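The following note is submitted for your consideration. Its points are numbered and may be read beside the model.

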Number of protein chains: 2
Amino acid sequence: MEIARKILVVDDESDILDFITYNLKKEGYLVATAFNGAQAIEVSKTFKPDLILLDVMMPVMDGIETCAHIKSLPEFAKTFIVFLTARSEEYSEIAGFQAGADDYIAKPIKPKVLITRLNAILRRKDKEETASTKLVVGDITIDRDSFLVYRGSDKIQLARKEFELLFLLASKPGKVFTRDFILEKVWGDEVLVVDRTIDVHIRKIREKLGDDYIGTVKGVGYKFEI
Amino acid sequence: MEIARKILVVDDESDILDFITYNLKKEGYLVATAFNGAQAIEVSKTFKPDLILLDVMMPVMDGIETCAHIKSLPEFAKTFIVFLTARSEEYSEIAGFQAGADDYIAKPIKPKVLITRLNAILRRKDKEETASTKLVVGDITIDRDSFLVYRGSDKIQLARKEFELLFLLASKPGKVFTRDFILEKVWGDEVLVVDRTIDVHIRKIREKLGDDYIGTVKGVGYKFEI
DNA sequence: TTAATTGGTTAACATTAATTTAACCCTGTC
DNA sequence: GACAGGGTTAAATTAATGTTAACCAATTAA
């Protein structure tokens with residue numbers, strides 16, 4: 001069974017809060033609410049939401065401030081923040097992004113759109129599984145945001161499959177991933193490719209990164225060398 | 001010292017007009033009133049309000065028409081319009097946003113709520129005005145006010161979609177934006193355009209700015225190169 | 001008003017890069 | 001020396017994007 005997702009909704013208007021809460025609960029989400037930024041931070045500490053839905057416009061501490069604050073706390077690195085913005089506030093798009101928001105939804109809120117969007121956003125979050133979008137292992141840094149890999153300060157460009165494959169291996173350094181597992185994660189269930197395909201991709205990664213990062217365990221699979 | 005903010009209140013019921021005016025004046029706002037849309041437009045021309053509080057439901061020319069009309073006049077581009085709506089009107093049904101409204105307040109009006117919200121809205125407006133609407137990334141400056149882009153000191157004109165697209169990418173330089181995300185943000189939910197449309201716009205931007213600013217990540221999306 | 005211009009979209013085609021395959025190579029093991 | 005299990009390479013294939021031109025709608029100029 002799937003674990004219910006936790007969403008914290010923050011708005012100073014109780015009408016909107018109720019309206020959103022109602023719709024989210026109906027959809028099966030666990031919902032907590034807060035009336036302002038300070039409260040939001042407080043509640044987050046115990047509720048540990050997967051996602052925070054944050055109204056940009058709030059008295060006292062507005063959404064952007066709140067977002068910047070929350071994102072500065074390491075414990076919330078994995079928490080997605082989505083803004084609710086009035087349609088005309090383009091300004092908040094930039095300011096919001098710069099404050100570290102992950103997405104935004106424009107008011108007025110239509111229930112269907114809200115739900116669809118949140119589902120999509122959470123699915124994306126799942127997929128990225130990222131936590132922080134940066135994964136650091138030894139002198140290798142893998143950045144999902146920019147789709148770049150760094151060896152020390154050298155920037156290295158990988159193709160998509162190479163990137164996903166490296167990302168998978170690096171997500172658990174030292175662990176051996178079987179070919180089957182790799183196929184399933186990087187290629188998906190339906191895709192059927194020949195075994196040698198993985199080898200070729202591994203080779204290309206080695207070519208670009210150097211030979212010392214990915215190890216072969218004969219008869220089992222590949223691993224990221226610690 | 002701060003300059004007093006000017007608010008124009010528009011409602012066909014003089015009771016409500018008086019009530020709101022009283023509360024706003026007490027708070028230190030400069031207030032003008034109008035009984036209908038036509039009058040509102042007339043008064044706005046000389047009074048130049050920072051914000052217009054507009055009842056949705058009015059005889060003759062209703063709030064939505066009025067709003068659309070006012071927003072179509074360039075001199076009022078920076079004027080905020082806030083609707084007064086009856087509680088029963090679902091958020092989803094508020095057509096006001098399509099007409100360009102910036103926010104809304106639900107009736108019945110509680111003085112405290114009214115003041116708090118208006119303060120918040122005006123505070124945001126302040127921020128938008130002072131916070132330069134300029135986004136600077138490397139030698140590119142993007143100015144939302146004038147809809148202009150500068151490369152160094154060269155002025156470059158982009159068409160609307162090109163501008164929005166560049167603006168989105170530049171709001172998180174380095175981050176890769178997927179095509180889906182771009183479509184959603186620049187074109188909106190309902191609009192359905194073909195994939196190649198994005199490419200064409202990207203091409204036009206590159207044509208005008210140069211090839212080095214927007215990068216392609218095959219299979220993923222586009223990014224603004226840092 | 002019509003004509004001209006601009007912006008946005010699409011379709012068709014070209015180009016490029018990513019991905020996969022196939023063929024062959026190497027190394028160790030039994 | 002013949003598997004088994006990968007490694008390597010280049011060629012073939014496919015997918016993704018780039019490019020151009022044409023079309024239409026909206027706007028502006030004449």
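**Notes on the predicted model**

1. B:Glu207 is exposed, its relative accessible area being 53% (buried means under 20% relative accessible area, exposed over 50%, partly exposed in between, with a 1.4 Å probe and protein chains only). This residue, B:Glu207, belongs to helix α7 of chain B (helices, H or I of at least four residues, and strands, E of at least two, are DSSP runs numbered from the N terminus). Its side chain is in polar contact with that of B:Arg203, at 2.5 Å. A polar contact is a pair of N or O atoms within 3.5 Å; within protein, one must be able to donate a hydrogen and the other to accept it, and residues adjacent in sequence count only if both atoms are side-chain atoms.

2. On conventions, this is a predicted model in which local features need pLDDT of at least 70 and side-chain atom pairs count only at pLDDT 80 or more, while totals for chains, interfaces and linings use all residues. Residues are numbered from 1 along each chain as its sequence is written, chains are lettered from A and ligands numbered from 1 in the order in which they are written, and side-chain values use heavy atoms, with hydrogens and water left out.

3. B:Arg203 also faces the nucleic acid: one of its polar side-chain atoms lies 3.0 Å from a phosphate oxygen of DNA strand D. Phosphate oxygens of this strand are likewise found 3.0 Å from a side-chain N or O atom of B:Arg179 and 2.8 Å from a polar side-chain atom of B:Thr216. The elements giving two or more residues to the surface near DNA strand D are α8 and β11 (214-217) of chain A, together with α7 and β11 (214-217) of chain B.

4. Around DNA strand D there are 23 residues, of which A:Thr216, A:Gly219, A:Tyr222, B:Arg206 and B:Tyr222 come nearest (a residue is near a molecule or strand if one of its heavy atoms lies within 4 Å of it). Of the atoms of DNA strand D that come within 4 Å of the protein, 64% belong to sugar and phosphate. The surface near this strand comprises seven nonpolar, four polar and 12 charged residues. In this classification Ala, Val, Leu, Ile, Met, Phe, Trp, Tyr, Cys and Pro count as nonpolar, Asp, Glu, Lys and Arg as charged, and the others, Gly among them, as polar.

5. For DNA strand C, the surrounding residues number 24, and A:Trp187, A:Val194, A:Lys204, B:Ala159 and B:Val194 come nearest. Sugar or phosphate supplies 68% of the atoms of DNA strand C within 4 Å of the protein, and bases supply the rest. By class, the surface near DNA strand C holds 11 nonpolar, four polar and nine charged residues.

6. Which part of B:Lys161 lies 3.1 Å from a phosphate oxygen of DNA strand C? It is a backbone N or O atom of B:Lys161. By contrast, side-chain N or O atoms serve for B:Trp187, at 2.9 Å from a phosphate oxygen of DNA strand C, and for B:Thr197, at 3.0 Å. Two or more residues of the surface near DNA strand C come from each of α6 (160-171) and α8 of chain A and α5 (160-171) and α7 of chain B.

7. The whole structure contains 24 salt bridges over all chains (a side-chain nitrogen of Lys or Arg within 4 Å of a carboxyl oxygen of Asp or Glu). In one of them A:Arg5 pairs with A:Asp50, the closest N and O atoms being 3.5 Å apart. A:Arg5 lies in the segment before β1 (6-10) and A:Asp50 in the loop between α2 (37-47) and β3 (51-55) of chain A, so the pair ties together parts that are 45 residues apart in sequence. Both partners are buried: A:Arg5 has a relative accessible area of 16%, and A:Asp50 has 18%.

8. Within helix α8 (residues 196-209) of chain A, A:Glu207 and A:Arg203 are four residues apart, or about one helical turn, and form a salt bridge of 2.6 Å, N to O. A:Arg203 is partly exposed at 49% relative accessibility.

9. The largest nonpolar core has 52 residues, and B:Ile142, B:Leu166, B:Leu169 and B:Ile182 have the most contacts inside it. A nonpolar core is a set of buried Ala, Val, Leu, Ile, Met, Phe, Trp, Tyr and Cys residues joined through side-chain atoms within 4.5 Å. The largest share of this core, seven residues, comes from α5(B).
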